[in-house]
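Here's a quick briefing to read alongside the model. Have a look at the structure first, then go through the points below.

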Amino acid sequence: LHVHIYADDVMAMSSSPQRMETRLRQMQSFNDFTGGAFNWTKSELWTCNAPPITAEHTMLNKLKAVHKLKYLGINFPTNEPTQKLRDKVKHVAQCLESANISAEGARLIEQISIRPAVLYEAQFANWTKQETDHLEGPIRRAVLHKHRLPRTFPKLIYYAPRETGGLGFIPWHDEAAISKLLHHVTGLRAS
């Protein structure tokens, strides 16, 4: 029996460097058994909020570390918000502050336009709470401006439910986590 396999694109994914190391060793064993070979000089390692790669990760250390990944035409976001995205959010916040709209209009724009556009990328990149909060800051300040509230307005009241006297916003990081969880649960149901 002869088997011919031609694979010019292979992607291995894992939740930790140790598991990725194991996967790469398994792939190498398969190649050794079948006579295949990796081109390590073309292989890349893209991590997303992963623990550091250490000297003990001999297979991973063979790979070229990259900060962004394009695979089969799909761009995967970087590990943290890019400066370009930060600048875009700041620009949108300035436009929101200067727009001739009501406080409720600013609230709707934040919830149905700005929030989904940013959080789509945040879900894939696993940004930390601190990174997401930092990114949300200019938009939060613009919404407060439209409500004629000071920039120092307490976050607790900004995020408190409306029925308790708050503004009723959900932190971006929390919403990204909820969305990710729902995606996981619905994915389990589909399988």
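Let's start with a helix surface: on H2, the face turned away from the buried side carries the exposed residues Lys84, Lys88, Gln94 and Ser98. Exposed here means over 50% relative accessible area, buried means under 20%, and partly exposed is in between (1.4 Å probe, protein chains only). Keep in mind that this is a predicted model, where local features need pLDDT of at least 70 and side-chain atom pairs count only at pLDDT 80 or more, while totals for chains, interfaces and linings use all residues. Residues are numbered from 1 along each chain as its sequence is written, and side-chain values use heavy atoms, with hydrogens and water left out.

**Confidence**

- The protein chain averages a pLDDT (the predictor's confidence in each residue, from 0 to 100) of 80, and 82% of the residues score at least 70.
- Among the elements of the chain, helix H5 (residues 155–159) has the highest mean pLDDT, 91, and strand E4 (residues 74–76) the lowest, 68.
- Helices (H or I, at least four residues) and strands (E, at least two) are DSSP runs, numbered from the N terminus.

**Helix H2**

- Turning to the other side of H2, the buried residues are Leu85, Val89, Ala93 and Leu96.
- These residues cover an arc of only 80° around the axis (taken from the directions from the helix axis to the C-beta atoms), which puts them on the same side of H2.
- The 16 residues of H2 should span 22 Å at 1.5 Å a residue, and the end C-alpha atoms are 23 Å apart, which agrees; the expected span is 1.5 Å times one less than the number of residues.

**Helix H1**

- H1 (residues 17–34) has 18 residues and reaches 26 Å from its first C-alpha to its last, close to the expected 26 Å.
- Its buried residues are Pro17, Met20, Glu21, Leu24, Gln28 and Asn31.
- Viewed down the axis of H1, the buried residues fall within an arc of 100°, so they line one face of the helix.
- Arg19, Gln26 and Phe33 are the exposed residues on the face of H1 turned away from its buried side.
- Just after H1, glycine 35 takes a positive phi of about 90°.

**Nonpolar cores**

- A nonpolar core is a set of buried Ala, Val, Leu, Ile, Met, Phe, Trp, Tyr and Cys residues joined through side-chain atoms within 4.5 Å.
- The largest one has 21 residues, of which Leu135, Ile139, Tyr158 and Trp172 touch the most other members.
- Helices H2 (83–98), H3 (103–125), H4 (129–146), H5 and H6 (172–190) each supply at least two residues of this core, and H4 gives the most, with five.
- Neighbours within four places in sequence aside, tryptophan 172 is in contact (heavy atoms within 4.5 Å) with Glu110, Ile114, Arg115, Val118, Leu119, Thr132, Leu135, Glu136 and Ile139.
- Apart from the largest core lies another, of seven residues, among them Met20, Leu24, Met59 and Leu60.

**Aromatic pairs**

- A search of the whole structure finds two aromatic pairs; rings of Phe, Tyr and Trp (its six-membered ring) pair if their centres lie within 6.5 Å, with planes under 30 degrees apart counted as stacked, over 60 as edge-to-face and the rest as tilted.
- Tyrosine 158 and tyrosine 159 are edge-to-face, 5.0 Å centre to centre with 85° between the planes, and both are buried.
- Tyrosine 158 and phenylalanine 169 have their ring centres 4.5 Å apart and their planes at 5°, so the pair is stacked.
- Tyrosine 158 lies in helix H5 and phenylalanine 169 in the loop between H5 and H6, so this pair ties together parts that are eleven residues apart in sequence.
- Phenylalanine 169 counts as buried, at 1% relative accessibility.
- Tyr158, Tyr159 and Phe169 form one aromatic cluster.
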